[in-house]
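This note sets out points for a colleague who is reviewing the model. They are numbered so that each may be taken up separately.

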Amino acid sequence: MTKLNKVTLNKRLLATSFAFIILCAGLIGFNHANIKVLEPSVANAATVTYTATANLNVRTGPSTANKIITTVKQGTKLTVTGKNVNGWLKVSLNGQTGYVSSKYVKISNSSSDAIQVVAKPESIPVLVNKKNKLPENYVPKDLVYTSIPFTFKEKTEKRKMRSEAAAAISKLFTESKKQGVSLLGVSAYRSHATQVALFDSYVKRDGYAKAITYSALPGTSEHETGLAIDVTGGNGKCAAQDCFGGTKEAKWLQAHADDYGFIIRYPKGKESVTGYKYEPWHLRYVGKSIAQTIMSQGITLEEYYYIRAVQK
């Protein structure tokens with residue numbers, strides 16, 4: 001190779017290397033300039049699926065002033081293709097593009113959102129919670145009106161319980177009165193349709209994230225089993241309210257509910273287990289033997305089943 005050719009080759013290599021350096025610098029500069037744009041967000045999360053937490057209108061634009069394209073049922077999966085703008089998300093549904101209120105959707109997660117249907121919904125100690133739901137449109141076959149006094153006079157479904165639970169709550173009320181503790185029923189059975197309407201109303205008032213901390217998704221409410229009842233003191237005050245805790249009525253229930261087959265279903269300090277805040281007014285009938293085991297050990301129905309599974 002001649003000296004001239006070597007010089008020419010070296011110049012070409014130098015030019016190529018320089019161009020490569022410029023290109024890399026440009027790419028690095030692009031990445032730094034656009035790193036915020038490339039971060040995961042709702043704006044580019046087309047592969048993220050959201051779930052409607054209530055019956056939801058899909059509109060042509062991001063406001064209630066826009067026309068409704070369709071209405072999707074609670075539980076419908078939606079693919080979000082646009083970022084949250086003023087509380088609205090752009091979605092793709094069955095080939096159509098529309099907008100939904102972000103207040104009524106949540107990000108889906110196949111592992112954390114998995115809810116199984118209970119195999120024996122008629123079982124007295126059936127476990128119904130955020131992970132275990134009743135079959136679609138389940139209605140207990142042995143619902144009867146209870147004989148206890150309530151905070152209202154109307155003869156509605158809220159007075160009903162399954163026959164065994166109704167007999168047990170009657171005995172509990174009778175004995176508490178003998179001991180100078182007056183009680184009133186607040187709400188017992190709720191149909192699936194009632195739970196749907198109730199939960200939707202809470203979502204509209206407080207938003208899904210807050211509503212789910214104190215109210216159950218339809219199908220996962222113990223009230224739908226006919227085995228649960230909310231109670232309060234004889235004066236009717238503090239019905240299903242935090243102020244009921246600490247009252248003589250609440251203390252009596254804590255000490256004696258299990259004698260009649262009931263447990264305080266959502267005890268204090270067990271929020272991470274049950275998924276709900278402390279509710280001293282929420283009684284759940286599970287049968288005397290199981291109730292006494294749970295209450296004496298200071299555990300929940302979830303923990304009772306876990307212990308049984310470990311012992312097998």
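1. The first point concerns a single residue. R205 counts as exposed, because its relative accessible area is 55% and the cut-off for that class is over 50%. The residue belongs to helix α3. Leaving aside residues up to four places away in sequence, R205 is in contact with K103 and Y214.

2. The model under review is predicted. Its secondary structure consists of eight helices and 15 strands. The protein has 312 residues, of which 40% are buried. Where contacts link residues at least 6 apart in sequence, 61% of them join residues at least 24 apart.

3. The largest pocket should be examined next. Its space amounts to about 740 Å³. The lining comprises 27 residues, and those closest to the centre of the pocket are Q74, G75, I115, L217 and P218. Two or more lining residues come from each of β1 (49–52), α3 (192–206) and α4 (208–214). The largest share belongs to α3, with three residues. By class, the lining of this largest pocket divides into nine nonpolar, nine polar and nine charged residues.

4. The second largest pocket holds about 490 Å³ of space. Its lining is made up of 25 residues, with R190, Y202, Y214, D230 and E279 closest to the centre. At least two residues of this lining are supplied by each of β12 (183–187), α3 and β15 (279–285). Here the largest share, four residues, is again that of α3. The classes number 10 nonpolar, eight polar and seven charged residues. Helix α3 therefore gives the largest share to the lining of the largest pocket and to that of the second largest, if elements are taken as DSSP runs. Y214, one of the residues closest to the centre of the second largest pocket, is also a contact of R205.

5. What enclosed space does the model contain, counting any cavity of 30 Å³ or more? The structure has one such cavity, and the space in this largest cavity is about 40 Å³. Its lining consists of V58, I69, T70, L93, Q96, T97 and G98. Strands β3 (68–72) and β6 (96–101) each give two or more of these residues, and β6 gives the most, with three. Three of the lining residues are nonpolar and four are polar, while none is charged.

6. Regarding the sheet, in which order do the four strands of the open sheet lie? The order is β12-β13-β15-β14, with antiparallel pairing. Strands β12 and β14 (262–266) are at the edges and have a single partner each, so one side of each lacks a neighbour in the sheet. On average, and with direction ignored, neighbouring strands of this sheet are turned by 45° against each other. In general, strands of a sheet pair through backbone hydrogen bonds, either parallel or antiparallel.

7. One pairing within that sheet can be described in detail. Strands β14 and β15 are joined in the antiparallel sense over four bridges. I263 lies opposite R284, a residue of β15. Strand β15 also supplies at least two residues to the lining of the second largest pocket, as does β12, one of the edge strands.

8. Backbone geometry calls for a remark at two positions. Most residues other than glycine have a negative phi. N137, which is not a glycine, has a positive phi of about 60°. Its place is in the loop between β9 (132–133) and β10 (143–145). N137 counts as exposed because its relative accessibility is 52%, and the class requires over 50%.

9. The other position is A240, a residue other than glycine whose phi is positive and near 55°. A240 is found in the loop between β13 (228–233) and α5 (248–256). With a relative accessible area of 35%, A240 is partly exposed, because that class lies between the 20% and 50% cut-offs.

Methods. Residues numbered from 1 in each chain as written. Predicted model: local features only at pLDDT ≥ 70, side-chain atom pairs only at ≥ 80, totals over all residues. Heavy atoms only, no water. 1 Å grid on protein atoms, 1.4 Å probe; cavity = no way out; pocket = protein on both sides within 12 Å on 5 of 7 lines; lining within 4 Å. Points joined across faces, edges and corners; volume = space filled by probe spheres on them. Nonpolar A, V, L, I, M, F, W, Y, C, P; charged D, E, K, R; others polar. Pairing = 2+ DSSP bridges. Axes fitted to C-alpha atoms, helices over the stretch in contact; angles between N-to-C directions. Buried < 20%, exposed > 50% of the residue type's maximum accessible area, 1.4 Å probe, protein only. Contact = heavy atoms within 4.5 Å.
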